Every structure is written in structure tokens, then in C-alpha cells.
Amino acid sequence: MRRLAAVPVLVLSAAIWPASGALAHGSTAGQDPAPTSLRADFNNDGSEDLAVGVPFESVGSIESAGAVNVLYGSAAGLSGAGSQLFSQETAGVPGAAEAFDQFGAALAAGDFNGDGFTDLAVGAPGESVGAIEFAGAVTVLYGSAGGLSGANSQLFTQNTAGVGSVAELFDLFGSALAAGDFDNDGFADLAVGAPTESVGAIEGAGAVNVLYGSAGGLSGAGSQLFTQDTPGVPGGAEEFDFFGSALAASGPQDATASPTSPTGSASGARTRD
């Protein structure tokens, strides 16, 4: 029961505290590293854009379903003109708005498919996976010349093929997000916190899933799961450690060329144990 008592506090904090690494851009080339630039240019017009999470937004009569506002930059700065509002009821966005999904509780941006347009990952830690309440989910919206769109968007949970672990009650997968090119292949990757994940019988120990980018975008294939019981990770999983409640990454590097891997391939293929 202690686990249930701790959950509302964590859900609230996930919605109020900005996710570390949010709005980190990822258009990277297979070339010498450039200075890190925290950018979010969803329509690749040279002006940075701003995504704003509204996790307690009601969608129609659905309380705290959550939403994300996107404001686009220009030579005159940000403007409400041409801005967008995304929820799980937006055309093309997978899933459906449900009470207390808290879509928009965490945000991270990066060029996950290496097409030069920044993409946006949106955490919904209150999302139910089937009948499993508060298991959590992450939606990925892809950028284009017209900005972000629900078209070709993706939904990830811990029940997605290849993603480590399984969706469980109150895992809160998607509470924290961070983007970075962790394998230096030119595609942005995504770290996802599941701070109340149980590690074996240890409740609330916490975990972090890492999804890797490719020319086809993010995928569960080759993903990784880290806990404080992962070999080489210091410390040890303990009850209510909440490992993964905050994440930080420097973000992928900026470049002007199309992303390629260190071998010159844009496939994003990799090998991991």
C-alpha cells in the first residue's frame, strides 16, 4: 500500500517539474562534433520553436487528459499565429484521451529519424496500457516542413515490442524524458524514465528505458533497460529509490548535412549485447 500512497506525489511532481533534457534538438551529421546546441526547429526554417506541456488540460470533458501547445519561431520571435495544440484526440496521434493520462507531463526533442526536422517525444505517465492503470506511455510526433504532425506518429509503452520490462500498475513510464545521440550514429535517441518500476520484488526502485533512433525513427529494437541493479551501475535497487524520476542529456549535435552513421550509412544499424 505504501506504493499507492507515493504515486500521487510523483505524478504531480512529474507534471510540475520540467523534464531534464526537454527541447534538445538532434540534427546530427557523421562528422567532427560541433558545439552542442539545444534546439527545437520542428519545421526546419532556422527559427527555434517552443513546445509547452499542459498535462492537466481537460480534453472536452475528459479531466487531466493533457495536451501540448507548440509555438513557432520567426524573425520576429515566437507567435501564437500558426501555433498548434496536440492531444491524444488529435488526428493521427495514437491512443485516446483518458482521464489523468497527463499527456505533456514530460517533453524531449530530437531528430529521431535524421531528416533534418526536429521531432517531439511527449510523456503521458498516467496512460493506462490495457487495464493496467498508470503504466505510462510516450508519443512521438515527427517534424516536417509544415511543423509537427500526428501523421506517422508513434506510441511506445513497456509492452511495445523490443522495449525492456513489461507495463505494470503505476510504473509511470514517460515521467521524464531526455534526448541525446547516445551511440553517436547521427540519429537522436530517447531515454525514458519509469521511476516507480519494480525491480524484481523491490517496489518503486525505478528504471530507465533507452530507445534508439534510425532512418525509420525510434524503435523498440535494440532498446536497453537500466536499473541500479544493472551490471556496472553504482548503488543498488532499493524500495522507493525512484531511479529515473529525472533525466539529463546534452542533446545531439547540430550540423547542416544529413545524418549518417560513422561508417557513412544512414541505416542507424547498431549492435549491442
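## Ser149 and its surroundings

S149 is found in strand β7, which covers residues 149-156. In this predicted model, S149 is partly exposed because its relative accessible area is 26%, and a residue has to fall under 20% to be called buried. The side chain of S149 reaches the backbone nitrogen of A151 at a distance of 3.0 Å.

Setting aside residues up to four places away in sequence, S149 touches F86, L141 and Y142. F42 is 107 residues from S149 along the chain, yet the C-alpha atoms of the two are separated by 9.6 Å. F42 and F86 also appear in one of the nonpolar cores described below.

## Overall composition

The protein has 273 residues, and buried residues make up 51% of them. Its secondary structure comes to 1 helix and 11 strands. Along the sequence the pattern is α-β-β-β-β-β-β-β-β-β-β-β, with the helix ahead of the strands.

Of the contacts between residues at least 6 apart in sequence, 61% join residues at least 24 apart. The accessible surface of the protein is about 11200 Å², and carbon and sulfur atoms account for 56% of that surface.

## The sheet β4-β5-β6-β7

Strand β7, where S149 is found, belongs to an open sheet of 4 strands in the order β4-β5-β6-β7, with antiparallel pairing. β4 and β7 are the edge strands of this sheet, and each pairs on one side only. Neighbouring strands here are turned by 20 degrees against each other on average, direction ignored.

Within this sheet, β4 pairs with strand β5 (residues 119-124) in the antiparallel sense over 5 bridges. One of the positions in this pairing is A109, whose bridge partner in β5 is L120. In general, strands of a sheet pair through backbone hydrogen bonds, in either a parallel or an antiparallel arrangement.

## The sheet β1-β2-β3

Another open sheet has 3 strands in the order β1-β2-β3, and its pairing is antiparallel. β1 (50-54) and β3 stand at the edges with a single partner strand each, so one side of each has no neighbour in the sheet. The average turn between neighbouring strands of this sheet is 25 degrees, direction ignored.

Strand β2 (residues 67-72) and strand β3 (residues 79-86) run antiparallel and are joined by 4 bridges. V68 stands opposite F86 in β3. The two strands form a hairpin with 6 residues between them, and G77 in the turn has a positive phi of about 100 degrees.

## Nonpolar cores

The largest nonpolar core has 18 residues, of which F112, A121, V138, V140, L177, L190 and L218 touch the most other members. Strands β4 (106-110), β6 (137-142), β8 (176-180) and β9 (189-194) each supply at least two residues of this core. Apart from it lies another core of 16 residues, among them F42, V68, F86 and L148. In soluble globular proteins, nonpolar side chains tend to be buried together.

Two members of the 16-residue core, V68 and F86, are the residues that stand opposite each other in the hairpin of β2 and β3. F86 is also one of the residues touched by S149.

## Asn209 and Thr230

Where does N209 lie, and is it buried or exposed? N209 lies in strand β10, residues 207-212, and counts as buried because its relative accessibility is 0%. The side chain of N209 makes a polar contact with the side chain of Q158 at 3.0 Å. Leaving aside neighbours within four places in sequence, N209 is in contact with Q158, V163, G164, F173, L190, A191, V192, Q224 and L225. Of these, L190 is listed among the residues of the largest core that touch the most other members.

T230 is placed in the segment after β11 (219-226). T230 counts as buried because its relative accessibility is 16%, and the cut-off for buried is under 20%. The side chain of T230 reaches the backbone nitrogen of T227 at 2.8 Å.

Conventions. Residues numbered from 1 in each chain as written. Predicted model: local features only at pLDDT ≥ 70, side-chain atom pairs only at ≥ 80, totals over all residues. Heavy atoms only, no water. Buried < 20%, exposed > 50% of the residue type's maximum accessible area, 1.4 Å probe, protein only. Contact = heavy atoms within 4.5 Å. Polar contact = N/O pair within 3.5 Å; in protein donor to acceptor, adjacent residues only side chain to side chain. Core = buried A, V, L, I, M, F, W, Y, C linked by side-chain atoms within 4.5 Å. Pairing = 2+ DSSP bridges. Axes fitted to C-alpha atoms, helices over the stretch in contact; angles between N-to-C directions. Areas by Shrake-Rupley, 256 points an atom, 1.4 Å probe, with all protein chains shown as cover.
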